[in-house]
Amino acid sequence: MFDTLTDKLGSVLNKLTRRGALTPSDIAAAMREVRVALLEADVALPVVKDFIAKVSVQAEGEAVVKSVTPGQMVIKIVHDALVEMLGGDPTNPEGAINFDAPGIDLAAPAPVAVLMVGLQGSGKTTTTAKIAHRLQVKGKKRVLMVSLDTYRPAAQEQLAILGKQVGVVTLPIVAGQKPLDIAKRGLADARTGVFDVVIFDTAGRLTIDEAMMAEVASVREIVKPHETLLVTDAMIGQDAVITAQSFNEKVGITGIVLTRVDGDARGGAALSMRAVTGRPIKLMGVGEKVDALEVFHPTRIAGRILGMGDVVGLVEKAVANVDHEKAEKLAARMQEGKFDLNDMLSQLQQIQRMGDMKGILGLIPGIGNALKQVKDSQLDPKTFKRLEAIIQSMTPKERRLPDLIKASRKQRIATGSGTSVAEVNKLLKQHQQMETMMKRMKKMGGLGALAGMMGGGGGGLGGMMGGGMNMPRPGGPPLGRR
Ligand SMILES: Nc1nc2c(ncn2[C@@H]2O[C@H](COP(=O)(O)OP(=O)(O)O)[C@@H](O)[C@H]2O)c(=O)[nH]1
Ligand SMILES: [Mg+2]
């Protein structure tokens with residue numbers, strides 16, 4: 001979603017880091033460019049103004065001008081201001097990350113009522129099912145879903161079908177019943193059925209209208225929701241912010257779910273929403289499938305926007321897919337600066353298990369830019385399979401002591417793996433580069449399991465993707481994380 005913004009900010013900020021000293025006019029010029037980038041991304045004007053004012057004051061401060069790395073300090077200031085704009089606390093970057101809870105406050109006596117509101121087509125029904133599914137599977141909650149949409153034909157059936165798909169109970173449909181009566185019945189069933197959570201999906205309208213607001217407000221009186229979540233489509237940009245404002249004034253919301261974040265929205269809605277409404281974005285819908293729901297985490301999003309990668313997102317994905325025992329072994333060896341061809345093989349296998357390469361790689365700090373230079377063919381699973389085949393055609397001794405591999409052995413390995421001597425050479429060279437990285441890593445220390453999984457914060461992968469890939473580290477280590 002933030003691609004264009006990331007490109008623009010990246011080029012402004014990279015320019016700064018390439019300079020030694022920064023004069024106030026350098027900073028002012030950079031701030032003008034940041035301002036334009038934000039406006040082009042459709043961020044609300046007052047939000048942009050506040051942001052620039054705050055960042056400028058800090059960036060022009062003495063601490064920056066006198067610093068040895070002024071450019072990096074400006075990036076840090078921009079990053080922290082972004083985190084705050086998104087509703088996070090830059091001094092506590094990990095915040096309350098809970099990988100299992102979908103960002104919803106359930107601290108209330110059961111059944112906890114959650115009310116979903118928003119315009120028609122914003123994704124309320126889909127999101128209701130996503131949240132219910134997540135709460136049930138990961139949160140181990142018993143969830144009841146209730147559709148109050150008696151306007152759109154088959155809207156109640158839509159929720160019932162989704163419920164069947166994800167294994168969440170829905171309130172039985174009684175033909176002709178009115179929304180307020182359904183709401184009462186839903187609450188009663190949630191109590192007698194001993195549900196932990198009851199989610200009410202409401203009807204939307206195409207635009208904000210008084211009748212809809214009035215109905216939602218009376219539903220609210222009845223169900224007394226602990227959370228009232230506004231579901232809004234990121235693709236509608238500024239209109240999403242206006243929608244949020246009016247729902248908040250008329251109905252009162254506790255949080256926002258931004259949907260279609262998987263589309264090519266410019267990101268302005270995500271960036272202005274918090275500042276304009278004072279309500280946090282809690283979740284993001286990132287696709288049509290039931291598991292396409294992510295917690296909106298300000299620090300992670302700020303990192304993504306600045307192209308610093310989303311380290312936590314990366315770890316989360318990796319944790320879900322990686323073979324832990326192997327990863328730990330690998331990490332331990334790497335920490336000792338050891339990395340033979342067996343390690344490379346095991347790393348290749350781990351990476352393949354992580355699935356979608358581009359998605360994963362985009363999350364690695366500093367790799368965002370580099371990724372653009374990588375051809376898709378280099379991320380092709382077939383490439384990995386060929387590399388794997390080459391190592392598998394080596395003897396155990398060769399894998400441990402790659403220096404043994406001279407001309408005749410290379411020929412044998414190439415034949416055995418159905419590749420060429422050139423490819424074998426390339427792999428050996430990549431291995432060598434990675435080994436060097438590992439040794440360097442050892443000196444840096446402290447990257448722990450992540451290093452193990454990724455092969456050295458990006459360097460390992462860079463080596464694997466055909467060597468020669470230049471791995472810029474625009475902001476040094478990911479900001480605000482170490
Ligand atoms: N790509 C994408 N599509 C979504 C997302 N959330 C919902 N949709 C789709 O948007 C359409 C409308 O969703 P629905 O839940 O019926 O909206 P409602 O009218 O607010 O209940 C459906 O086709 C959904 O599959 C999302 O996060 N990403
Ligand atoms: Mg609906």
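Of the 482 residues in the chain, 47% count as buried. The model is a predicted one. Its chain holds 23 helices and eight strands. Contacts across the sequence weigh heavily: among contacts with a separation of 6 or more, 76% join residues 24 or more positions apart.

**Confidence**

The mean pLDDT of the chain is 79. Of the residues, 77% reach 70 or more. Two stretches fall lower. Residues 96–101 stay under 50 in pLDDT, and the model gives them six contacts beyond four places in sequence. Residues 365–369 are also below 50, yet this stretch has 24 contacts beyond near neighbours in sequence. Where pLDDT is low, the predicted coordinates should not be read in detail.

**The sheet**

The eight strands form an open sheet with mixed pairing. Their order is β3-β2-β4-β1-β5-β6-β7-β8. The edges are β3 (169–170) and β8 (293–295), each of which pairs on one side only.

Three of the pairings are set out below, each with one pair of facing residues.

| Strands | Bridges and direction | Facing residues |
|---|---|---|
| β1 and β4 | five bridges, parallel | valine 114 and isoleucine 199 |
| β2 and β4 | five bridges, parallel | leucine 144 and valine 198 |
| β6 and β7 | three bridges, parallel | leucine 258 and methionine 284 |

Strand β4 is mostly covered: five of its five residues are buried. Val197, Ile199 and Asp201 point one way from the strand. Val198 and Phe200 point the other way. The charged residue Asp201 is thus listed among the buried ones. The two bridge partners named for β4 point in opposite ways: Ile199, opposite valine 114, goes one way and Val198, opposite leucine 144, goes the other.

**Helices against the sheet**

Helix α6 lies across β1 (112–117), β2 (143–147), β4 (197–201), β5 (227–233), β6, β7 and β8. Its angle to β4 is about 170 degrees. Helix α10 lies across β1, β5 and β6. Its angle to β5 is about 155 degrees. Strands β1, β5 and β6 therefore have both α6 and α10 lying across them.

**Helix α11**

Is helix α11 mostly covered or mostly exposed? It is mostly covered: eight of the ten residues in α11 (268–277) are buried. They are Gly268, Ala269, Ala270, Leu271, Ser272, Met273, Arg274 and Thr277. What do these buried residues pack against? Their partners are the helices α3 (45–59), α5 (70–85) and α10 (238–250), together with the strands β6 (255–259) and β7 (281–285). Just after α11 comes glycine 278, with a positive phi of about 75 degrees.

**Around ligand 1**

Ligand 1 has 18 residues around it. Which of them come nearest? Gly123, Lys124, Thr125, Thr126 and Gly285 do. Helix α6 (residues 124–137) gives the most to this shell, with three residues. The helix that lies across seven named strands, β4 among them, thus also serves the ligand shell. Gly285 falls within β7 (281–285), a strand that α6 lies across. By class, the shell divides into three nonpolar, eleven polar and four charged residues.

How values were computed:
Residues are numbered from 1 along each chain as its sequence is written. Chains are lettered from A and ligands numbered from 1 in the order in which they are written. This is a predicted model: local features need pLDDT of at least 70, side-chain atom pairs count only at pLDDT 80 or more; totals for chains, interfaces and linings use all residues. A residue is near a molecule or strand if its C-beta atom, placed from the backbone, lies within 6 Å of it. Helices (H or I, at least four residues) and strands (E, at least two) are DSSP runs, numbered from the N terminus. A residue is buried if 20 or more other C-beta atoms lie within 10 Å of its own, exposed if 12 or fewer, and partly exposed in between; C-beta atoms are placed from the backbone. Two residues are in contact if their C-beta atoms, placed from the backbone, lie within 7 Å. Two strands pair if DSSP finds at least two bridges between them. Axes are lines fitted to C-alpha atoms, for helices over the stretch in contact, and angles run from 0 to 180 degrees between N-to-C directions. pLDDT is the predictor's confidence in each residue, from 0 to 100.
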